[in-house]
Amino acid sequence: MNRFFAFVLKEFRHIYRDRRTMLILFGMPVVQVLLFGFVLTNEVKDANIAVLDPSKDPASIRLTNKLVSSGYFRVAANLQSPEQLEPAFRNGSIKLALVFPPDFGHTLDHEGTAKIQLIGDASDPNTATTLINYANAIILNFQQEYAQSSLGAQQAPQPMILAESRMRYNPEEKAVFNFVPGVMTLILMLVSAMMTSITLAREKEMGTMEVLLVSPLKPLQIVLGKTAPYLALSFLNAVLVVLIGMLVFGMPMRGSFLLLGFECFLYMFVALSLGILISTRAQTQMAALFVSALSLMMPTIVLSGFIFPRESMPVFLQAVGTAFPATWFIPIVKGVMIKGVGLSYLWKETLVLVGMAVVFIGVSVRNFKSRLE
Amino acid sequence: MQTKSIKAQNLSKAYGPVEAVKNVSFDVRPGEIFGLIGPDGAGKTTLFRILTSLLLPDTGQASVDGLDVVQDYKLLRQRIGYMPGRFSLYQDLTVQENLQFFANVFGTTIEKNYALIRDIYVQLEPFKHRRAGALSGGMKQKLALCCALIHKPRVLFLDEPGTGVDPVSRKEFWEMLRRLRDSDITILVSTAYMDEAELCDRVALLQKGEILAIDTPQGITANYQRPLFAARSDDMYRLITDLRALEPGADCYAFGEYAHLALAATATRPTTSTRPTTSSRRTSNAIPKIQQYLETKGHTNIEVLNTTATIEDCFIELMHN
């Protein structure tokens, strides 16, 4: 046991003496969470719109006010003619234009229907779609109110189906709810797998592996001794990310901390064993870095459902995605933090991670050579 | 009671098409400093790695301290100390931390075996809080030796310990090795420096994966058969080419500030004996001849001397055969 602790102590010394390692370990997670938190968001707030309203009657003014009071939109320009639309979109000052016909209110009152036009800036299709959807929802709402109000009282109410949707667990549809688990998954994978593979490759590169091998240390002792400090530091990272998510971005924590801790630990263990697996092949730190970045980071970002929804992927890519631990870990974090569910709901994902841990560590230790070559 | 500390039998190892070690056999007696002498690429490091259980030989067997290097490698690794050719300690750890780490890895403490490393460690002591990467070449080597010795190994493997170390430190290093031998540790050392070869008890001359000769350094030099001269003039480069053309079988090569000239042994060998008297008698009348020859070639400041063969001369001779 003394041997093992000596090894762990040595490893900690390597880490805290290497400024770059420290930076990657603790600087990167904080920067990434904050960066993703403030940048990667599809929420709409105070989007600039233009209004072209030749009718200027109570109905059109009321609708415009309703849109603005929702908080999603802000009238940046009141246009006088359709010719002004194009320049406004071109210089990028508006994201959406609302165009009323002449005598909008009159038509609505007398004919029961009236048309308005919503023009979106689809050079950014996601934002445009979101804005149009928001605006549509508000207009629909306005229409119901209008039908019941005195203005339209003489008209008999038409039969209508009202679909009232509620977004559970995240009623405000905050993007943080998606990215905090995602960033956590990414960072833990990065720190655990990449750092482990690099640190093991470093021993080979520096020639110290040769000396370690010609010692009574067992392969398992070398591997565990090298990874234990990273496991501890990764755990610290997980805590850091969760705290930033909760304190800075208002992420809820509805489930048990203990369960989340256990799941993080499990996930990190899988990542570490992947790192070891990579290092049994890679001879240099550079090779280890590239292999782990390419084979672990990219799938974690792209295929796990962190950024792109898995449901909309081709079946083949969905299947490929299941091979990566991140795909199973993200639902766990979301489940525990946002839905507050327990192990009884997450046993399947947990079991998959346990299986991966067993397989990867088994293969790594088998592949770890007690000789050179 | 085993009589051999290291026993290598018909070891061969190839990396793809390159045969690094070809059918090598040798024995090292307990408490001996045995040198593997050869240029870079002779197969020294490969042999070391086979004997330290880091590589599996393609064919042949080897045992170290009575333990088979393939089957008993786990036990073996407790009993040997290995210092690779490249500096292989943790550069970002201090002198003391490195030593402490290796002591712990072998399940011992610095205090327990301090007697063994004291002579070396006292020189390192003033730098014990310095990081290993910031040490001089000689100091690094001393630290590496300390780390390889900290568990009191029965057999010590030193792969090119003299490389990258200044002559004074090298000399000190060898003095330490001789003291270690007295503490009953068998030492296998490899080197490309011929002057270090003369400090070993016995040496094996290695060339392209094959052993050319195994003997004591004295035995090897005593076996040298050819008349040998040291010569110099103002134009050394031309001197060497001229002397090579002196007579068929003449061999000439740079040797420090002189050129060594080896004449063909077979043509004029008087007896099979290699007693120095015989050869000096024969060479005494050769010197004026050589001087005359060089004068006709237009050399100035000519100096031709009798000289005795060193390991390097023997090595060159063996390489050519």
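**Reading helix α1 and the cores**

Visitor: Which elements do the buried residues of α1(A) pack against, and how should I read such packing?

Guide: Packing is read from contacts, meaning heavy atoms within 4.5 Å, and from burial, where buried means under 20% relative accessible area, exposed over 50% and partly exposed in between, with a 1.4 Å probe and protein chains only. Here the buried residues of α1(A) pack against α2 (19-39), α7 (176-206), α8 (208-213) and α9 (219-247) of chain A, together with α3 (95-105) of chain B. This is a predicted model, in which local features need pLDDT of at least 70 and side-chain atom pairs count only at pLDDT 80 or more, while totals for chains, interfaces and linings use all residues. Residues are numbered from 1 along each chain as its sequence is written, chains are lettered from A and ligands numbered from 1 in the order in which they are written, and side-chain values use heavy atoms, with hydrogens and water left out.

Visitor: Which residues of α1(A) are buried?

Guide: An α-helix has 3.6 residues a turn, so residues three or four places apart point the same way. In α1(A), the buried set includes A:Phe4, A:Phe7, A:Val8, A:Glu11, A:His14 and A:Ile15.

Visitor: How far apart are the end C-alpha atoms of helix α1 of chain A?

Guide: Helices (H or I, at least four residues) and strands (E, at least two) are DSSP runs numbered from the N terminus, and the expected span of a helix is 1.5 Å times one less than its number of residues. For the 16 residues of helix α1 (residues 2-17) of chain A this gives 22 Å, which agrees with the 23 Å between its end C-alpha atoms.

Visitor: Why does A:Gln32 count as buried?

Guide: A:Gln32, in helix α2 of chain A, counts as buried because its relative accessibility is 16%. Leaving out residues up to four places away in sequence, A:Gln32 touches A:Val183, A:Leu186 and A:Ile187.

Visitor: Which residues have the most contacts inside the largest nonpolar core?

Guide: A nonpolar core is a set of buried Ala, Val, Leu, Ile, Met, Phe, Trp, Tyr and Cys residues joined through side-chain atoms within 4.5 Å. The largest has 99 residues, and B:Phe26, B:Leu145, B:Phe157 and B:Leu188 have the most contacts inside it. Helix α5 (residues 137-149) of chain B supplies the largest share of this core, 8 residues. A second, separate core of 56 residues includes A:Phe36, A:Met184, A:Cys264 and A:Met337.

Visitor: What is B:Phe157 in contact with?

Guide: Beyond its neighbours within four places in sequence, the contacts of B:Phe157 include B:Ile6, B:Phe48, B:Val64, B:Ile80 and B:Leu188.
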